Amino acid sequence: MTQIANYFSNHRMIVAIIYIVVCWLLLQMIEMIFRRAHKKRPPNIKDSFFKGILEAFLVIITFIRVISLSSELENVTQTLLMSSSLIVVVLGFIFQEGLSNIVHGFILTIFKPFEIGDRVEISTGGSVISGYIKEMSLRHTVIRGLSDNVDTIVSNSQMDTSTIRNLTMEDNHIRYPLTVTIPYAEAQDRNKLRLAKSIIVEETLKNSRTVDARPDPGTPVHVNVDLADSGVDLTCYVYTKTAEDNYYALSEIRESLLARFGENDLNFAFPHVEVTGSLTQDP
């Protein structure tokens, strides 16, 4: 054992490499553990933040151990480790913003104004960021945009001091109107008008992406009737969990209506011009 200790003390570069390799293996192990845990249950901000703390702690410890192997830096390292107050002052000055983000991130994990996957609206700096919480690290929170699918990185300190509207907690569903226009001639036929409205409701509720937002399943779905230039507009609202689902649901419902209307001898109205009278030719 003494020979082994002497060997490693004389080959500090090898020891440093071993420290780095062990650190890398432990980081991979942490990543694997959290990945497996997320297969059993959805990720949350506590897991994400705690994972960041473990990784940062492991890297810092490895860094200290590696630089302590240097004979030139060994005395400096020991002095710094013994001077805890000096460490606090130096780190606080150098990493002021970073430490602030860690503290605010810790506050966010305690009070949990949002979770991973929640849809939020963040009001900060005179602008509104809307999207889904993708992940949270020690330094920042990543928000996946609704329309452009682009990630926006917001510091934890900014997240904690901003106005956050959690639409998932509010249990709000995305709502968008679906409008179908039928000719006046068919709308004036009560049976055809009733049939068109019932088909629209059936296809809307039948779609796998839609959410039945009625307080009571027996409550009739309202279909608004409006008089337009080229026909009668029939409008009902399509509710979905996400904006993406609403986009696809509207397209799928329109496609199914094309088939159902054709099967039931119903037509869609379209702009047209009717010319009446006779044409006279100048002598």
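Let's start at one residue, S155, and work outward. Leaving aside residues up to four places away in sequence, S155 touches N101, R139 and H140. Keep in mind that this is a predicted model. S155 sits in strand β4. Is S155 buried or exposed? Its relative accessible area is 16%, and buried means under 20%, so S155 counts as buried.

Now zoom out from S155 to the sheet around it. Strand β4 belongs to an open sheet of 5 strands, and if you walk across it you meet them in the order β4-β3-β2-β1-β5, with antiparallel pairing. At the edges are β4 (151–155) and β5 (163–166), each of which pairs on one side only. The sheet isn't flat-out parallel in its axes either: on average, neighbouring strands are turned by 40 degrees against each other, direction ignored.

For a look at one pairing inside the sheet, take β2 (residues 127–136) and β3 (residues 140–145). These two run antiparallel and are joined over 5 bridges. Here you can spot I133 standing opposite I143 in β3.

Next, let's head for the nonpolar cores. The largest one has 20 residues, and those touching the most other members are L178, I182, I200, L234, L257 and F261. Which elements each supply at least two residues of this core? They are β6 (174–182), α9 (190–206), β8 (232–240) and α10 (243–263). L178 has plenty of company: its contacts, not counting residues up to four places away in sequence, include I200, T204, L234, V238 and L257.

There is also a second, separate core of 14 residues, and I143 turns up again there, with L108, I129 and V154 also among its members.

Conventions. Residues numbered from 1 in each chain as written. Predicted model: local features only at pLDDT ≥ 70, side-chain atom pairs only at ≥ 80, totals over all residues. Heavy atoms only, no water. Pairing = 2+ DSSP bridges. Helix = DSSP H or I, 4+ residues; strand = E, 2+ residues; numbered from the N terminus. Axes fitted to C-alpha atoms, helices over the stretch in contact; angles between N-to-C directions. Buried < 20%, exposed > 50% of the residue type's maximum accessible area, 1.4 Å probe, protein only. Contact = heavy atoms within 4.5 Å. Core = buried A, V, L, I, M, F, W, Y, C linked by side-chain atoms within 4.5 Å.
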